[in-house]
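Grab your viewer and work through these exercises. Each one gives you a task, then a solution you can check step by step.

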Amino acid sequence: MQVAIGVTAAEYLRLVWKTGRFVTEPPDIYERVARDYPVILAMWHGQHFLAPFLKRREHRAKVLVSKHRDGEVNAIAAQRLGVEAIRGSGHQGTDFIGKGGVGAFKEMVSALQEGCIVALSADVPMVSRVAGLGIIKLASASGRPIYPVALATHRRIEFDTWDRTSISLPFSRGAGVVAEPIWVPPEADAEALENARSTLQASLDRVTTRAYHLVDRD
């Protein structure tokens, strides 16, 4: 059942992407990312379903997926779309250590060292639009930049869930907006980590607002 749901979800998202008319901002984002490759992609939870299609054929990518049973479906869908899954999650504090968090953190660092893009939602688990410190510490430990990303479509179903989940519909006008990279030095102290976390949160809010403005402009 999980396999069937995961495969169906992946093919539905593929339909949405192939029938959509997507623009990217800035238009030269792939050239910019190439200079910093590999990178960490950050997005808000519930707005992440189309993220696998940002990957180009030459890219290797891995995504952090919860160990919860619902995460198994997400992992199957991601793998169907050419993105490997790293299983683990944080907790409701602002740090990352949680269910499989330590092992997943090490796996993400290793993936970046091997030249993989690593994508993950920035939210503290079950707390919408509040960035946690886990992704900041990942950037610090790996030496790779965080690129905040938002994807939106004008035809969508929005759910009243903790993460404001949005399901895109086929034949949509879509937009992908990417912010300037955020670098976190390896020697960052608690204050520097918190400043980077706050910067990431504000940046994700800005690109999300911009993406929805682009698709809802009419």
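**Exercise 1: around H4**

Which residue just after H4 takes a positive phi, and of about how many degrees? While you're there, work out how H4 sits in the fold.

*Solution.* One thing to keep in mind throughout: this is a predicted model.

Step 1. Go just past the end of H4 and you land on Gly115, with a positive phi of about 95°.

Step 2. Now check the helix itself. H4 covers residues 101-113, which makes 13 residues, and spans 18 Å from first C-alpha to last, close to the 18 Å expected at 1.5 Å a residue.

Step 3. List what's buried, using a cut-off of under 20% relative accessible area. You should get Gly101, Ala104, Phe105, Met108, Val109, Ala111 and Leu112. Looking down the axis of H4, these buried residues fall within an arc of 160°, so they line one face of the helix.

Step 4. Turn to the other side of H4, where Lys106 and Gln113 are exposed.

Step 5. Ask what does the covering. The buried residues of H4 are covered by elements including strands E2 (40-43), E3 (61-65), E4 (84-87) and E5 (117-121), plus helix H5 (134-142).

**Exercise 2: a strand and its neighbours**

Find out how many residues of strand E11 are buried, and which strands pair with it.

*Solution.* Step 1. Count along residues 173-178: six of the six are buried, so E11 is largely enclosed by the rest of the structure.

Step 2. Split the strand by face. In a regular strand, side chains alternate between the two faces of the sheet. For E11, one side carries Arg173, Ala175 and Val177, the other Gly174, Gly176 and Val178, and all of these are buried.

Step 3. Look for partners. E1 (residues 21-25) pairs with E11 in the parallel sense over five bridges. E8 (residues 146-153) runs antiparallel to E11, and five bridges join them.

Step 4. Zoom in on Gly174. Phe22 has Gly174 as its bridge partner in E11, and Thr153 has Gly174 as its partner there too.

**Exercise 3: two helices crossing**

Describe how H5 and H6 pack: at what angle, and how far apart are their axes?

*Solution.* Step 1. H6 covers residues 190-215, and H5 packs with H6 at an angle of about 115°, with the axes 9 Å apart.

Step 2. As for handedness, H5 passes H6 in a right-handed crossing.

Step 3. Pick out the residues making the contact: Ile135, Ile136 and Lys137 from H5, and Leu193, Ala196, Arg197 and Leu200 from H6.

**Exercise 4: odd backbone geometry**

Locate the cis peptide bonds from Glu25 to Pro26 and from Tyr37 to Pro38, then look at phi for Arg129 and Arg164.

*Solution.* Step 1. Recall the background: most residues other than glycine have a negative phi, and most peptide bonds are trans.

Step 2. The Glu25 to Pro26 bond is cis, omega near 0°, and Pro26 lies in the loop between E1 and H2 (29-36). The Tyr37 to Pro38 bond is also cis, omega near 0°, with Pro38 in the loop between H2 and E2.

Step 3. Arg129 isn't a glycine, but has a positive phi of about 60°. You'll find Arg129 in strand E7 (residues 127-131), where its relative accessible area of 14% makes it buried.

Step 4. Arg164 has a positive phi as well, near 55°. Arg164 sits in the loop between E9 (156-158) and E10 (166-168), and at 46% relative accessibility counts as partly exposed.

Definitions and conventions. Residues numbered from 1 in each chain as written. Predicted model: local features only at pLDDT ≥ 70, side-chain atom pairs only at ≥ 80, totals over all residues. Heavy atoms only, no water. Buried < 20%, exposed > 50% of the residue type's maximum accessible area, 1.4 Å probe, protein only. Helix = DSSP H or I, 4+ residues; strand = E, 2+ residues; numbered from the N terminus. Pairing = 2+ DSSP bridges. Expected span 1.5 Å × (residues − 1). Arc of directions from axis to C-beta. Contact = heavy atoms within 4.5 Å. Axes fitted to C-alpha atoms, helices over the stretch in contact; angles between N-to-C directions. Left-handed = near helix turned anticlockwise from the far one by under 90°.
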